[in-house]
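Here are my notes on this one, in the order I would go through them with the model open. Have a look and see whether you read it the way I do.

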Amino acid sequence: MGMMRRRSFKTAILSGLIAVVTLLMPANLYASDLSGNNEKILSDVVAISGGERAVYAIKKDGTVWAWGGFRDSGLLGNGYTVPSTSPVQMKIDNAKDIASGSRLTLILKKDGTVWATGSNEDGQLGIGITSYDKALEPVQIKELVNVKAIAAESNQSLALLEDGTVWQWGKTDRVNPPSNKPVKVEGLFSGLDISAGNGSAMMLDDRGKVHVWGTRLFDTNPDKLRNPTEISGTKEYTAIATSRQRGAAIQTDGTVWTWNNSKQFPTPGELLIPVKVQRTENARQIVGGSSSSFSIIKKDGTVWTWDSYWDGPSYKALQVKGINDAVDLASSQFSGHYALLENGTVMKWTMELGESSEPKPVNAPIKVVMKGETLSLVIPPIIINNVSYVPLRGVFEPLGATIEWNQGNFTGVVKKDDITIEINTSSEGMKLNGKTLTGELKPISVNYVTMVPLRFLSETLGAEVKWQSDKNTIYINLPK
């Protein structure tokens, strides 16, 4: 097992009364740190998926952990409106697959039902209504049963049923009004897989043929549409993926081919004409991102990627450094690229100037345990400049404190017994019983959430805080 850097504690004394212990930022972790039971790493993952702004990991126990998102989107499905840089648990179980667009997330459960969370201005939740109200937790799309695959892109949703039919809802193209409930797509053979693109959709049928439909030409007033159309040529494919306006598929011989599903008018270039991507032999899985990039896993477990943002006569895949045992892939425009390894951990990398950064594992969220129960927080604890911070409400109300918060001027007051703590996030100030505290005890705002130094407030309110590094957990013990 790779050696982890030791975390240390730094102690400061405030007015001779309050000990403030701060925690060091977790060390950077690399592939060499992944062996053994490491609770600092997101583990026991069996599948991953990415959308435009969020990434999802399904664990062996069927729970879903999500990170990324953006303000007031509901993409994370954890009951809160704010994004998170650390994985948070979605409020759903028995998950089998995840698909995410820009403002919605679909969850396929093991029982074949489909659930949705996020925005609904285009009816993309599929629940029969169109509304600007958001679902912050997954709601069931009751019209769909016996589903075997899902797909999403932007505000478009797709489902493939066990009987081979494809159903579509939300903003499915650039011309027709959105649908707030699933509608069967006519003119298709029996399907094996589906994929959603920017204003278009694809299906792989049981003959190995690929079909495309939706927006064909953009900005033609009105945009031109396409009914389900088979990709030209006699090739047979085993897997498909979309990335914005492009499609790609793995041929039966293990090579990858790509083409344009749609384009901006009147730019040159043919549509639905496959060209071979170089250095993609022996591909066994493919995923698309939301920024015209694709990634594949080869039969030897290596990961290769290419960007097709600029149309060209040919494309060449580049190998991602340091990954040799990948079993699943995910890509997100705003959150990077990911690979799931055989040991259940998830690696992340970014692409710059055609080269991949060194992959690093996704960290598990730091847990806070009180009275033997893990607290459900709007976002997990974070550590900045060696100081640990937690959301104001999630920890201190269970400690018996009352919190009065004024969002208008970003001020709050925490009270318990004869203790009063004043917080001002706009000026980053904090007072204890009227006395201004030192700079290292200032509150901060992270993703619109007020975060406060954990140990100071906990100990001030009469609780003992302990950090157990090997468990990646903060324990709060209440006084008897």
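1. Confidence first. Remember that this is a predicted model. The mean pLDDT of the protein chain comes out at 87, with 91% of its residues at 70 or more. The stretch to be wary of is residues 1–36, where the pLDDT is below 50. Even so, that stretch has 85 contacts in the model beyond near neighbours in sequence.

2. Overall build. I count on strands here: the protein chain has 47 of them, alongside two helices. Along the principal axes, the C-alpha atoms fill a box of roughly 80 × 50 × 40 Å. The radius of gyration is 25 Å, which agrees with the value near 23 Å for a compact globule of 480 residues.

3. Inside and outside. Of the 480 residues, 55% count as buried. The protein chain exposes about 21,100 Å², and carbon and sulfur atoms supply 48% of that area. As for contacts with a separation of 6 or more, 49% of them join residues 24 or more positions apart.

4. Aromatic pairs. How many does a search of the whole structure find? It turns up three. In one of them, the rings of Trp67 and Tyr338 have centres 5.7 Å apart and planes at 70 degrees; that angle is over 60, so the pair is edge-to-face. Trp67 belongs to strand E5 (residues 64–68) and Tyr338 to strand E30 (residues 336–341), so this pair ties together parts that are 271 residues apart in sequence. Both Trp67 and Tyr338 are buried.

5. Another pair, with another geometry. Tyr237 and Trp259 sit 6.2 Å centre to centre with 55 degrees between the planes, which makes the pair tilted. Tyr237 is in strand E19 (residues 237–243) and Trp259 in strand E21 (residues 256–260), so the parts tied together are 22 residues apart in sequence. Are these two buried or exposed? Tyr237 has a relative accessible area of 5%, so it is buried. Trp259 is at 1% relative accessibility and therefore counts as buried too.

6. Charges over rings. Two places to zoom in on. Arg53 lies over the face of Phe70, 4.6 Å from the ring centre. Over at Trp304, the charged end of Lys298 sits above the ring, 3.9 Å from its centre.

7. Leu104. You will find this residue in strand E8 (residues 104–109). Its relative accessibility is 0%, so Leu104 counts as buried. Leu75 is 29 residues away along the chain, yet the two C-alpha atoms are separated by 5.8 Å. Leu75 is also among the contacts of Leu104 once neighbours within four places in sequence are left aside; others include Ala99, Thr117, Gly118, Gln124 and Gln156.

8. Ser200. Which strand holds this residue? Ser200 is in strand E16 (residues 200–205). At 1% relative accessibility, Ser200 counts as buried. Setting aside neighbours within four places in sequence, Ser200 touches Gln156, Thr172, Trp213, Gly214, Thr215 and Asn261. Gln156 is worth a click, as it is in contact with both Ser200 and Leu104.

Notes:
Residues are numbered from 1 along each chain as its sequence is written. This is a predicted model: local features need pLDDT of at least 70, side-chain atom pairs count only at pLDDT 80 or more; totals for chains, interfaces and linings use all residues. Side-chain values use heavy atoms; hydrogens and water are left out. Rings of Phe, Tyr and Trp (its six-membered ring) pair if their centres lie within 6.5 Å; planes under 30 degrees apart count as stacked, over 60 as edge-to-face and the rest as tilted. Helices (H or I, at least four residues) and strands (E, at least two) are DSSP runs, numbered from the N terminus. Buried means under 20% relative accessible area, exposed over 50%, partly exposed in between (1.4 Å probe, protein chains only). A charge sits over a ring if NZ of Lys or CZ of Arg is within 6 Å of the ring centre and within 35 degrees of the ring normal. pLDDT is the predictor's confidence in each residue, from 0 to 100. Contact means heavy atoms within 4.5 Å. The radius of gyration is taken over C-alpha atoms; the globule rule is 2.2 Å times the number of residues to the power 0.38. Accessible areas come from the Shrake-Rupley method with a 1.4 Å probe; for residues, only the protein chains shown count as cover.
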